[in-house]
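Biologist: Could you take a close look at one part of this model for me? I'd like a single lysine and its surroundings, walked through step by step.

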Amino acid sequence: MTFVKDAERAGAVSLFHGPRLRVASAVAVAVGIGIVSFAFRFNTLGGALGGFDNDHFIYLTRTDMLLWGEQPLRDFVDAELRGAWPALTYLVSAWAQQLGGRTLLPEAYLSVGALAVANAAVFLLALDFSKRWSMALLAAATTVAMVPKLYNYPKVLMLALGVWALHASLASPSLFRLGAAALATVVAALFRHDLGLYLGAGIVTALVLRDLGRWPVLVRTVGTYVGLTGLFLLPSLVWVQVYEGIPSYIRNSLASVAVERSRTELRLPSLDLAAPFTGDSLLLVTYYVFWAVPVVAACALIGRMVVSTTSATERTDRALVAGLLVMGVLVNMSFLRANLAARFGDAIVPLVLLSACTVGGASVWKSVIARRLTMTLSFVLVAQMLAAAYSFSDIALELDTSGLSDSWGKTTRRYATAKADLRSLPPDTWPATSASAAMKAAGYIARCTGPDDHLLVTGAIHEIPVLARRRFAAGQAMFKLSLYTSERDQRRALNKLEQQSVPIVLADDREFDDGFLDDYPLFAQHLESDYRQAGTIAVEGEPGYVVFVETRREPVHVDSELGLPCFR
């Protein structure tokens, strides 16, 4: 097999340097994709917890701390890859609430809007890489259909913008573009530290391969990127050193990662040969497809490196594929763990863009068989991802709920309903009765503690302090998953607790006896000596909450709805 000499057939010339009509058409379609994908996700929100997952409130409760003027590491612990200043996962949500009000609506606009921007970016990048509308539309549709969790929008958005920065820096590694790539890497790292590693590894790999053999140029470009990345990170590193110490922060973060990986260890289901494209078998096939994409791309890249020309455009194309390949492999290794159906969406961006690159690069093969085989494999792999996502994301139901499969009128009505629901949470005035146990508990905390009080919660009930608009106690948002269980961590949290007003402790009944008491013995002792059990909050068919109140503080009155002590 041989390559044609003119590497322009590979698509080295950017789409955005083409005719204005073509550029305008691409941008118009991208905007349309963004609008449709926004409606698809936003219109399915509303109802219990505003339609957000419980885990989303892990981040929102820390956002509330920032709105109170507190910061990670300085005022509360955070060894979950987001603690370095400025902690963008929390800070951007805080900005949204400062602009749009202290309800769940700004968070919905932020997270859904960020995913919509990422979907539009994926379309434009895939179109630029593959030079085929069919591949670009397929890549964008697959990214949308994977329905990543809303709280994971930084993964999807930062990977998409990181690929954009990688592509721009390869096309022309000027100081400005390398600086933009460095800034994108740092911003990704400040959302979640490992995202910076994935982008950094991909960008460095691409820059090295682009200028391999031209050592002065290679040292200059890589050195500039690495140097600017370090410079942009410097304020964050200083913050970590001052308030935690960099070695301690790294150790604690690695320990948290180890706990999370052990908790979510991947156990692949078995393949049912009688029904390979349903249920667990479909998840297994899709998992291997996620790994097949980099395998196909790597084989195509090796073939190009063996027999291709050494023109500048060909080196740039190969470097782009190599950078995406590194990103895709790292993301697969990190994100594809237990609960695969919910995690595919986190890893999808570099993989569909890698497939788009493989399709675009296939056009340089002179052999028709080689070209068609490479393109067909890439299309089939992404199409399988889309079909799988349609199944396990229940796209038909989501389209109906959003109104998109019905009519524009239903879509706009559903948007208005979702907007109203989100704007009403948390309520300014709590109703006399609430339907769910979570709302009952949040209403009780809001009625019976003061704005300056803190709330200690144990287990997976992060939504309660957010809905009640109360800060979490002890400088620690999470008392679960065996995090922060060392004697040092517990004593630090107890010292913080002693400085705060914490009249009520709320415990998740599911995890209290077998989780909290075993993992946090010092806190269990403190709870036994300084608090008494006052009752429970429960609704039939839902998990209950155990209420503990401080023994040395006299209640002001008894809550009329739940009959529990009130302290305001």
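Modeller: K440 is buried: its relative accessible area comes out at 17%, and the cut-off for buried is under 20%. Keep in mind that this is a predicted model. So what does K440 touch, once residues up to four places away in sequence are left out? The contacts are S434, I537, V539, E561 and L562. Take V539 from that list: K440 and V539 sit 99 residues apart along the chain, yet their C-alpha atoms are separated by 8.9 Å.

Now zoom out a bit. K440 belongs to helix α17, which covers residues 437–448 and packs on a sheet, with contacts to β1, β3, β4 and β5. The direction of α17 makes about 15° with that of β5 (545–550).

As for the sheet itself, it's an open one with five strands, ordered β2-β1-β3-β5-β4, and the pairing is mixed. β2 (471–472) and β4 (531–537) are the edge strands; each has a single partner, so one side of each has no neighbour in the sheet. I537, one of the residues K440 touches, carries the number at which β4 ends.

Further in, β1 (residues 454–458) and β3 (residues 504–508) run parallel to each other, paired over four bridges. Within that pair, V457 stands opposite L506 in β3. Both β1 and β3 are among the strands that α17 touches, which brings us back to the helix where K440 has its place.

Note on methods: Residues numbered from 1 in each chain as written. Predicted model: local features only at pLDDT ≥ 70, side-chain atom pairs only at ≥ 80, totals over all residues. Heavy atoms only, no water. Pairing = 2+ DSSP bridges. Helix = DSSP H or I, 4+ residues; strand = E, 2+ residues; numbered from the N terminus. Contact = heavy atoms within 4.5 Å. Axes fitted to C-alpha atoms, helices over the stretch in contact; angles between N-to-C directions. Buried < 20%, exposed > 50% of the residue type's maximum accessible area, 1.4 Å probe, protein only.
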